[in-house]
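Student: I am new to this structure and should like to learn how to read it. May we go through it one feature at a time?

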Amino acid sequence: MGFRFRKTVSLGKLVRLNISKSGIGVSTGVRGLRLSVSPDGKVRSTVGLPGTGLSHTKVIGDLTPSQAGAAKSKQQRQCQACGKRASATDRFCRHCGARLVAPGQ
Ligand SMILES: [Zn+2]
(Lines give C-alpha, C1' and ligand atoms only; values in the text may rest on other atoms or scores of the structure.)
Protein backbone atom coordinates (compact mmCIF):
# COMPACT_ATOMS: atom_id res chain seq x y z
CA MET A 1 0.00 0.00 0.00
CA GLY A 2 2.08 2.89 -1.19
CA PHE A 3 -0.65 5.37 -1.85
CA ARG A 4 -2.00 7.97 0.48
CA PHE A 5 -5.52 7.76 1.70
CA ARG A 6 -7.65 10.63 2.78
CA LYS A 7 -11.36 11.08 2.76
CA THR A 8 -13.73 13.64 4.11
CA VAL A 9 -17.25 12.66 5.07
CA SER A 10 -19.88 15.23 5.89
CA LEU A 11 -22.22 14.44 8.74
CA GLY A 12 -24.92 17.00 8.38
CA LYS A 13 -24.12 20.63 7.78
CA LEU A 14 -21.70 21.30 10.60
CA VAL A 15 -19.69 18.18 11.22
CA ARG A 16 -17.09 16.61 8.99
CA LEU A 17 -15.12 13.45 9.48
CA ASN A 18 -11.60 13.56 8.09
CA ILE A 19 -10.38 10.05 7.54
CA SER A 20 -6.72 9.54 6.81
CA LYS A 21 -4.03 6.94 7.26
CA SER A 22 -3.23 8.24 10.72
CA GLY A 23 -6.80 8.01 11.95
CA ILE A 24 -10.07 9.81 12.05
CA GLY A 25 -10.40 13.48 12.81
CA VAL A 26 -13.56 15.43 13.44
CA SER A 27 -14.20 19.05 12.70
CA THR A 28 -17.17 21.25 13.29
CA GLY A 29 -17.84 24.90 13.09
CA VAL A 30 -19.60 27.79 11.58
CA ARG A 31 -18.34 30.62 9.44
CA GLY A 32 -15.45 32.26 11.19
CA LEU A 33 -15.05 29.69 13.93
CA ARG A 34 -14.06 26.07 13.63
CA LEU A 35 -13.28 23.37 16.14
CA SER A 36 -11.44 20.28 15.06
CA VAL A 37 -10.05 17.14 16.63
CA SER A 38 -7.14 15.62 14.75
CA PRO A 39 -6.29 11.91 14.72
CA ASP A 40 -3.52 12.54 17.25
CA GLY A 41 -6.12 13.80 19.76
CA LYS A 42 -5.29 17.49 19.60
CA VAL A 43 -8.27 19.84 19.78
CA ARG A 44 -7.81 22.98 17.74
CA SER A 45 -9.88 26.06 17.39
CA THR A 46 -9.56 28.17 14.31
CA VAL A 47 -10.86 31.69 14.26
CA GLY A 48 -11.01 33.34 10.90
CA LEU A 49 -12.20 36.55 9.36
CA PRO A 50 -14.56 35.53 6.58
CA GLY A 51 -13.56 36.87 3.21
CA THR A 52 -10.05 37.85 4.23
CA GLY A 53 -8.34 34.49 4.24
CA LEU A 54 -6.95 35.36 7.64
CA SER A 55 -7.24 32.77 10.34
CA HIS A 56 -5.63 31.86 13.60
CA THR A 57 -5.34 28.30 14.85
CA LYS A 58 -4.76 27.44 18.44
CA VAL A 59 -4.49 24.08 20.19
CA ILE A 60 -7.00 24.27 23.03
CA GLY A 61 -6.95 20.72 24.29
CA ASP A 62 -5.60 17.24 24.04
CA LEU A 63 -7.75 14.13 24.07
CA THR A 64 -4.90 11.67 24.26
CA PRO A 65 -4.88 9.73 27.52
CA SER A 66 -3.03 11.75 30.11
CA GLN A 67 -1.76 10.29 33.34
CA ALA A 68 -5.07 11.16 34.95
CA GLY A 69 -7.02 9.67 32.07
CA ALA A 70 -4.94 6.52 32.01
CA ALA A 71 -5.63 5.90 35.68
CA LYS A 72 -9.33 5.62 34.91
CA SER A 73 -8.82 2.77 32.48
CA LYS A 74 -7.79 -0.60 33.84
CA GLN A 75 -6.34 -1.55 30.47
CA GLN A 76 -4.08 1.47 30.30
CA ARG A 77 -2.32 1.83 33.60
CA GLN A 78 0.82 3.82 33.78
CA CYS A 79 3.86 3.52 35.97
CA GLN A 80 4.11 6.49 38.34
CA ALA A 81 7.88 6.23 38.33
CA CYS A 82 8.78 6.05 34.65
CA GLY A 83 5.46 6.89 32.97
CA LYS A 84 5.50 3.84 30.76
CA ARG A 85 2.47 1.69 30.19
CA ALA A 86 1.73 -1.16 32.54
CA SER A 87 -0.84 -3.88 32.17
CA ALA A 88 -3.76 -4.22 34.56
CA THR A 89 -2.37 -7.35 36.15
CA ASP A 90 1.20 -6.18 36.70
CA ARG A 91 2.19 -5.56 40.30
CA PHE A 92 5.56 -4.14 39.39
CA CYS A 93 6.60 -2.03 36.43
CA ARG A 94 8.20 -4.17 33.78
CA HIS A 95 10.29 -1.21 32.65
CA CYS A 96 11.76 0.18 35.85
CA GLY A 97 10.62 -2.29 38.51
CA ALA A 98 8.75 0.26 40.59
CA ARG A 99 5.77 -1.01 42.57
CA LEU A 100 2.51 -0.18 40.82
CA VAL A 101 -0.49 1.18 42.66
CA ALA A 102 -3.33 -1.32 42.49
CA PRO A 103 -6.37 -0.26 40.46
CA GLY A 104 -9.07 1.43 42.50
CA GLN A 105 -6.81 2.58 45.29
ZN1 LIG B 1 8.23 2.18 35.54
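Tutor: Let us begin with a single residue, Lys 58, which lies in strand β6, covering residues 54-62. Please keep in mind that this is a predicted model.

Student: Does Lys 58 count as buried or exposed, and why?

Tutor: The general idea is to count the C-beta atoms around a residue: it is exposed if 12 or fewer others lie within 10 Å of its own. Lys 58 has 9 C-beta neighbours inside 10 Å, and therefore counts as exposed. For the protein, which has 105 residues, 5% count as buried.

Student: Which residues is Lys 58 in contact with, leaving aside its neighbours within four places in sequence?

Tutor: They are Arg 44 and Ser 45. Ser 45 and Lys 58 are 13 residues apart in sequence, with a C-alpha to C-alpha separation of 5.4 Å in space. As for contacts in the protein between residues at least 6 apart in sequence, 3% join residues at least 24 apart.

Student: How many helices and strands are there in the protein, and what pattern do they follow along the sequence?

Tutor: The protein has 1 helix and 8 strands. Read along the sequence, the pattern is β-β-β-β-β-β-α-β-β.

Student: In what order do the strands of the open sheet come?

Tutor: In general, the strands of a sheet pair through backbone hydrogen bonds, in either a parallel or an antiparallel manner. Here, 6 strands form an open sheet in the order β1-β2-β3-β4-β5-β6, with antiparallel pairing. Its edge strands are β1 (6-11) and β6, each of which pairs on one side only. On average, neighbouring strands of this sheet are turned by 20° against each other, direction ignored.

Student: How many bridges are there between β1 and β2?

Tutor: These two strands pair in the antiparallel sense over 6 bridges. Within this pairing, Ser 20 in β2 stands opposite Arg 6.

Student: What joins β2 to β3?

Tutor: A hairpin does so, through 2 residues. Strand β2 (residues 15-20) and strand β3 (residues 23-30) run antiparallel and are joined by 6 bridges. Ser 20 appears here again, with Gly 23 in β3 as its bridge partner.

Student: Which residue in the hairpin of β3 and β4 takes a positive phi?

Tutor: That residue is Gly 32, with a phi near 95°, in a hairpin that has 2 residues between the strands. Strand β4 (residues 33-37) pairs with β3 in the antiparallel sense over 5 bridges. In β4, Val 37 is the bridge partner of Val 26.

Notes:
Residues numbered from 1 in each chain as written. Predicted model: local features only at pLDDT ≥ 70, side-chain atom pairs only at ≥ 80, totals over all residues. Helix = DSSP H or I, 4+ residues; strand = E, 2+ residues; numbered from the N terminus. Buried ≥ 20, exposed ≤ 12 C-beta atoms within 10 Å, placed from the backbone. Contact = placed C-beta atoms within 7 Å. Pairing = 2+ DSSP bridges. Axes fitted to C-alpha atoms, helices over the stretch in contact; angles between N-to-C directions.
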